[in-house]
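Me: Please take a close look at one side chain in this model and describe its surroundings in detail. I would then like the account to continue to other local features of the chain.

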Amino acid sequence: MKRALITGITGQDGRHLAQFLAGKGYQVFGLIHGQANPKAQLVAEESPALDLVEGDLRDLPSLIAAVEQVQPDEVYNLGAISFVQLSFKQAELTAEITGLGVLRMLEAVRIVGGMENNPIRFYQASSSEMFGKVRETPQNEGTPFHPRSPYGVAKVFGHYTTMNYREAYDLHASSGILFNHEGPRRGLEFVTRKITNSLARIKLGLQDRISLGNLDSARDWGYAGDYVEAMWLMLQQDEPDDYVVATGETHTIREFLEVAFRIAGYDDWEPYVTHDTRFDRPAEVDLLMGDATKARTKLRWKPKVSFEELVRMMYESDLASEQANAERGLPRR
Ligand code: G4F
């Protein structure tokens, strides 16, 4: 039985990946930090066979102890401060966790090492935010980086550090440059889930409007459940490498609103949306669109869920859960 250690186990991708790997017959371990982490119960319920191990991306000894305890075949480093807007307010903490956390996890893997004939394989969650002010469209593995946020800068550090450990220590260390990936498990702070959840509440008469920032930026949005398969495929290759994971389609926030409101049975979204400058960013990423040709050809990976199916899935899930909450008499937010 293969053993996998996942950091960021309580996040959207960690939860999807834990279930995906369990389905492949892995024994899955999730790194969890902090006392009485409120999300520990949720992941334990979702993935009953999952083992939680204590450790913190700010604390190298705890990471070494976790890797020693688990003796993983594969480590997936998904842990990060992943909300771009927060990274502007907590830039140092973002550099510490999203950036230096990668270095510490790689050190733990290098120090513990794994069996001589079966060294630990490492996956780094790199991000399309590294392309930032894009130099070309679509973006591929060779497109230069120009990050536009402390989050993007920290991800570039993590990306190059992973590459350096691969070259310097011969680690089987790969990076997935994942474009935006969403789904019903997405946090409510991200724009897609904020829209589908607010829309469900508007439909149920629980809310009047959605306050949003910049509606003109465009993103390449895929389904998170599809993207975790690409992570796993990277670690099954003989050679480590970097891969763009994307749909190749891009849509503005306006288009997302149009599709979501149409699915919910509205002709026009504009009366329900107001602009709030609090959601504007000091520096914006205007357009992301990925070219995943390498992942398609080398990994034989392709996304299964279309943009419209993704929006529908998220809206229907939010409608069902908001309806259930309303029926249970939970207080209005
Ligand atoms: O949903 P977002 O917060 O995602 P963003 O910034 O693209 O980052 C996400 O994807 C990255 C991959 O490219 C990941 F690396 C990262 O961890 C994260 O998962 O914002 C999307 C767009 C932005 O242009 C933002 O300015 O939506 C715009 N937006 C407009 N109004 C808003 C809002 N974003 C948020 N979160 N909230 C708003 O009210």
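Reply: The side chain chosen is that of His172, which has a polar atom 2.8 Å from the backbone oxygen of Gln237. This is a polar contact, that is, a pair of N or O atoms within 3.5 Å; within protein, one must be able to donate a hydrogen and the other to accept it, and residues adjacent in sequence count only if both atoms are side-chain atoms. The model is predicted, with local features requiring pLDDT of at least 70 and side-chain atom pairs pLDDT 80 or more, while totals for chains, interfaces and linings use all residues. Residues are numbered from 1 along each chain as its sequence is written, and side-chain values use heavy atoms, leaving out hydrogens and water.

His172 belongs to strand β8 (residues 172–178); strands (E, at least two residues) and helices (H or I, at least four) are DSSP runs numbered from the N terminus. With a relative accessibility of 10%, His172 is buried, the classes being buried under 20% relative accessible area, exposed over 50% and partly exposed in between (1.4 Å probe, protein chains only). Leaving aside residues up to four places away in sequence, His172 touches Ile120, Arg121 and Phe122, and also Met234, Leu235, Gln237, Asp238, Glu239 and Pro240. Contact here means heavy atoms within 4.5 Å.

Another histidine invites a similar description. His181 is located in strand β9 (residues 181–182) and is buried, at 11% relative accessible area. Its side chain forms a polar contact of 2.6 Å with the side chain of Asp13. Beyond four places in sequence, the residues touched by His181 include Gln12, Arg186, Gly222 and Tyr227.

The next topic is helix packing. Helix α7 (residues 191–203) and helix α9 (residues 253–263) pack at about 30°, and their axes are 11 Å apart. Such axes are lines fitted to C-alpha atoms, for helices over the stretch in contact, and angles run from 0 to 180 degrees between N-to-C directions. Helix α7 is therefore roughly parallel to α9, on a scale where angles under 35 degrees are roughly parallel, over 145 roughly antiparallel, 65 to 115 roughly perpendicular and the rest oblique. From α7, the contact is made by Val191, Thr192, Ile195, Thr196 and Leu199, and from α9 by Ile253, Phe256, Leu257, Ala260 and Phe261. These residues comprise 8 nonpolar, 2 polar and no charged, where Ala, Val, Leu, Ile, Met, Phe, Trp, Tyr, Cys and Pro count as nonpolar, Asp, Glu, Lys and Arg as charged, and the others, Gly among them, as polar.

Helix α3 buries Ser62, Leu63, Ile64, Ala66, Val67 and Val70. Its buried residues pack against β1 (3–7), β2 (27–32), β3 (51–54) and α5 (91–112).

Some backbone features remain. Gln71, in the loop between α3 (60–70) and β4 (74–77), has a positive phi of about 50° although it is not a glycine. Gln71 is partly exposed, at 39% relative accessibility. Arg300, likewise other than glycine, has a positive phi near 55°; Arg300 lies in the loop between α10 (293–299) and α11 (307–327) and is exposed at 74% relative accessibility. Finally, Thr137 and Pro138 are joined by a cis peptide bond with omega about 0°, and Pro138 sits in the loop between β7 (121–127) and α6 (150–169).
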